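Notebook open, coffee ready. I'm looking up how one strand sits among its neighbours, and then what the core is made of.

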Amino acid sequence: MAISKAQGALIVAAIALLGVVVAAWPAWQHPAEARRPRYLLINETAQHDYDLAFRMSLKLAEKQSGIENALIILASLPPSKSIEQTAVERFSQLRIGARTNGRGILYLYSARENLMKIEVSYALEGDIPDIYCHHLEEAARTYMLSEIPQDFISELIITTNLRGAGASGDVTQWSRPQWLNSDFLSGGGGALVHGYDRTLAEYDAAIGRLPEAKLSEYAPASDAAVSLERYLASLAAGVGDPRLPLLTEGSRLFRAIVPRDEAQQQRIAEFFRAASPYRLLFAADLALVVPQPDHSNLPLILRRGADGLWHVDEAKSWTYFHRFEDNRNFFVKFSDNPFLAPLRVLRLPNMEYAIYGAHVDTPPRPAYPFSLPSAIRALEDRIREDPQRAANYAALGDLYLFEANWLSKAIASYETASSLAPAEPAYRWRLVDLYLNASRIDQMLAQLKYLSEQASADSHTRDWYRYYKKEYDFSRD
C-alpha cells in the first residue's frame with residue numbers, strides 16, 4: 001500500500017524535529033566567494049551522523065516561522081576569541097536573516113569548551129530577549145553533555161522559533177533538572193564528561209549517588225487509575241527524578257539517559273490534563289491511558305507487576321507509539337501491538353495501519369519486576385559463549401530498546417546482529433526504526449534502500465524510500 005502525501009509529510013516532519021547536529025559546508029571560510037547554502041549548517045566536528053536530519057529541521061523551522069536559522073558546531077573556539085566574539089563575527093559574515101527580512105537566529109556551539117551562544121537579529125530582540133537566550137545557553141552546558149544532545153538542539157530550535165513567531169506563552173523554559181547535580185554529571189570524578197556515564201553499572205552508580213529525595217507519595221498502587229493519578233501529580237510537581245518509585249526499572253534508567261527539567265515535566269502534565277477524560281484499556285499485564293483525540297500526547301503505558309502493583313512504563317510509550325511533530329494524534333508502530341484492535345474500536349485517528357506493519361514485531365515481555373542488569377548480563381554471557389549468533393545480539397538490542405529506550409545501546413546491538421545475518425529483514429526494519437528515532441537519516445535511508453530493492457513486490461516500501469530520498473535531497477534548495 002503506497003503512503004499518502006499527508007502520511008509521508010507527517011513522517012518526515014517527525015524525523016526532522018528529532019534530528020540534531022549539522023551538515024558540513026566546506027566554503028564557510030569564504031562566504032562572499034561561494035554560493036551560500038539556503039539552510040546554513042556548518043559542522044567542524046567529526047560527528048556527522050545527524051546532518052540530514054538537522055538540515056531538514058532548519059528547513060521546517062524557517063517554513064513555519066519565516067525566520068532563517070543557522071547552526072554552527074565547532075570543535076573548539078578560534079585562538080584568542082570568546083564565543084560571543086565568534087558568534088557576532090559569524091552572524092555578520094554569513095548575513096544570517098538577510099533573505100528573511102532581517103529575521104535570523106544563529107546557534108553556535110563549541111564542543112571543547114562546552115559553550116553555546118545564541119545570536120539573534122535586531123528585528124527579533126523583542127520576542128527573543130537576551131535573558132531568554134542566556135537561560136538556554138546555561139541549559140546547554142548540561143544537555144549538550146548528555147548521551148543525546150541532538151534532542152536538546154532540536155527542541156532549542158523549535159522553541160526559539162515559537163518565540164520568534166510571537167508564541168512565547170507556549171515555550172518551555174529549559175534549565176538543569178534539580179536532581180541532576182554536578183556529581184551525576186561528572187560520574188563522581190569531578191570532571192564533566194560527554195554522555196554522562198556510558199554503562200548501565202555507571203548509570204546505576206550515578207543515580208545511587210544522588211542526594212536523598214522525598215518521593216514516597218509517588219508509590220505504585222494496586223489500582224491502575226490510582227497509579228496514573230500519582231504519576232500525573234508527580235509531573236505537575238515537576239518531578240523528573242529517575243528514582244520515582246512508581247516507574248519501572250527501565251524507565252528510571254530512561255530518565256537518567258534523557259533528563260528533563262521541572263518545566264518540561266509540568267508542561268507534559270498540562271498536556272495530559274487538557275486531554276482528559278482519559279480512557280483506560282487493558283491487555284494482559286499492560287494498561288494504556290488514552291488521551292482524547294487532537295491533543296499533543298503519546299498514550300501512557302502502565303505495567304502490572306507480580307505483586308499486583310501498577311508501574312508507569314515510560315520507555316514503552318516511546319517504543320510502542322509515535323507522535324509526529326506536526327500532528328496532534330499518535331500512531332501505533334507495530335501491528336502486533338496488543339492495543340491496536342481496541343484503539344480501532346474507539347475510532348481514533350491514525351489507527352488504519354501500523355507504521356511498520358508486520359515487517360518487525362515487539363519482543364515478548366518478561367514478567368515484571370525483574371532485574372534489568374541481570375537480564376543484560378545473561379544475554380552478554382550468551383553472546384560470549386556464541387559470538388556468531390545474531391539472535392543473541394538482537395535480543396540484547398530489544399532489551400535495551402523496549403525496557404529503557406536506550407537507543408545507542410540498541411543500535412550497537414542490532415548493527416552487530418544485522419552484520420552477522422545481513423539477509424534477515426527484521427533486523428534491518430528494527431534499524432530503520434532505531435535510526436529514525438536517533439535522527440540518523442543517512443543510515444535509515446541506506447536500510448530502506450536495501451529493503452526496497454530486496455522486496456520487489458513490496459510497493460509500500462519502495463514508495464516510502466523514494467519519498468524519503470526526494471525529501472532529503474537538498475541539492476534542489
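Definition first: two strands pair if DSSP finds at least two bridges between them. Strands (E, at least two residues) and helices (H or I, at least four) are DSSP runs, numbered from the N terminus.

Ground rules: I'm working with a predicted model, where local features need pLDDT of at least 70, side-chain atom pairs count only at pLDDT 80 or more, and totals for chains, interfaces and linings use all residues. Residues are numbered from 1 along each chain as its sequence is written, and side-chain values use heavy atoms, leaving out hydrogens and water.

Entry 1, partners of β6. I found 4 bridges joining β6 to strand β7 (residues 300-304), and the two run antiparallel. Leu286 stands opposite Arg303 in β7. On strand β5 (residues 279-283), 5 bridges lead to β6, again antiparallel. There, Ala283 has Leu286 as its bridge partner. β5 and β6 make a hairpin with 2 residues between them, and Ala284 in the turn has a positive phi of about 55 degrees.

Entry 2, faces of β6. Is this strand buried or exposed? I got 5 of its 5 residues (286-290) as buried, meaning under 20% relative accessible area with a 1.4 Å probe, protein chains only (exposed is over 50%, partly exposed in between). Leu286, Leu288 and Val290 cover one side, Ala287 and Val289 the other. In a regular strand, side chains alternate between the two faces of the sheet.

Entry 3, a busy residue. Leu343 touches Leu288 and Val290, among others including Leu281 and Phe321, leaving aside residues up to four places away in sequence. Contact here means heavy atoms within 4.5 Å.
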